[in-house]
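Let's walk through this one together, from the overall layout down to single side chains. Keep the viewer open as you read.

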Amino acid sequence: MSSNIRDVMEDFAKGGFTLFVGNSAAVIILAVGSIIVARLLGPEGLGLYALSLSVPSILVGLIDFGINPAVTYYSTKLRVEGRLDLLSNTLRAAYVSRVSIALVVTIFSFLYSNHIASLLNRPEATMLIQISSPLVVAQSIFSLNNSAFLGLEKIRSYSNSLFVQSIAKLLLSPLLVLIGFGVAGALIGHIGSYFLASIIGFLALHK
């Protein structure tokens, strides 16, 4: 019994350390990237950038409906019980429902971007809100991947997902701003980093 407890504690310590390193590295990289983007855009551009990202971020939070924690819980439960067929079907259903809802909300955000911009008293942000709308889909898949990774105890995959997203944003956003895309470039880099990490994470989860 003591040996089993020791094994569990060792696995817990290794997983916790891996998660800590991954989170810490991602936070530091994202902080560096944010500072670079802020200096490149200036106060006005940074304000538009933050405002444009706030819209999809709020929408992502509204459409969660408890799917992410449910995926973590049932991934753990069904994996432990050895019910792998049901686990596969559960994950598939979660992805279909979450992505379907995200696509509907993305289309809504894109079509009504002018009304949203007017509501925010920044009509000049209409195009930027349209550009940032796909973030709803990208961030939904990204968070769902990570919820599944936690439930399946794939801590390294979870950490790698955070690391890939942060590195991609660090490279893409400043580069697109420097090329001349301005705030739009920073948004595209941000969204692109989530899509890249989401695709890689989904393929790893599928495998």
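What follows starts with the helices and ends with the surface.

This is a predicted model, where local features need pLDDT of at least 70, side-chain atom pairs count only at pLDDT 80 or more, and totals for chains, interfaces and linings use all residues. Residues are numbered from 1 along each chain as its sequence is written, and side-chain values use heavy atoms, with hydrogens and water left out.

On to the fold. The chain has seven helices and zero strands, where helices (H or I, at least four residues) and strands (E, at least two) are DSSP runs numbered from the N terminus. Reading along the sequence therefore gives α-α-α-α-α-α-α. The C-alpha trace spans about 65 × 35 × 25 Å along its principal axes. Of the 207 residues, 42% count as buried; buried means under 20% relative accessible area, exposed means over 50%, and partly exposed is in between (1.4 Å probe, protein chains only).

Helix H7 (residues 155-206) is worth a look. It has 52 residues, yet its end C-alpha atoms are only 16 Å apart, short of the 76 Å that a straight helix would reach at 1.5 Å a residue. That expected span is 1.5 Å times one less than the number of residues. Where does H7 bend by about 150 degrees? The bend is at phenylalanine 181, taken as the angle between axes fitted to the seven residues ending there and the seven starting there.

Now for the charged pairs. The structure holds five salt bridges, each a side-chain nitrogen of Lys or Arg within 4 Å of a carboxyl oxygen of Asp or Glu. One of them joins lysine 77 and glutamate 81 at 2.9 Å, N to O. These two are separated by about one helical turn because they sit four residues apart in helix H2 (residues 67-81). Lysine 77 is partly exposed at 29% relative accessible area, and glutamate 81 counts as partly exposed at 39%.

Arginine 79 pairs with glutamate 153, with the closest N and O atoms 3.3 Å apart. This salt bridge links distant parts of the chain: arginine 79 is in helix H2, while glutamate 153 is in the loop between helix H6 (135-151) and H7, 74 residues apart. Arginine 79 is partly exposed at 27%, whereas glutamate 153 counts as exposed at 56%.

Then there's arginine 122, which meets glutamate 124 in a salt bridge of 2.6 Å, N to O. Salt bridges that share partners join Glu44, Arg122 and Glu124 into one network. In that network, arginine 122 is partly exposed at 22% and glutamate 124 is partly exposed at 45%.

For a buried polar residue, turn to helix H3 (residues 84-111), home of threonine 106. Threonine 106 counts as buried at 11% relative accessibility. Its side chain reaches the backbone oxygen of serine 133 at 3.4 Å.

Last comes the nonpolar surface. Which residues make the nonpolar patch of about 440 Å²? They are Ile28, Val32, Ile36, Leu40 and Leu178. Patches are made of residues with over 30% relative accessible area and no salt bridge, with nonpolar side chains (Val, Leu, Ile, Met, Phe, Trp, Tyr) joined within 5 Å and like charges within 9 Å. The areas come from the Shrake-Rupley method with a 1.4 Å probe, and for residues only the protein chains shown count as cover. Helix H1 (residues 2-62) gives the largest share of the patch, four residues. Isoleucine 36 lies in H1 and is partly exposed, with a relative accessible area of 34%.

Technical notes: A polar contact is a pair of N or O atoms within 3.5 Å; within protein, one must be able to donate a hydrogen and the other to accept it, and residues adjacent in sequence count only if both atoms are side-chain atoms.
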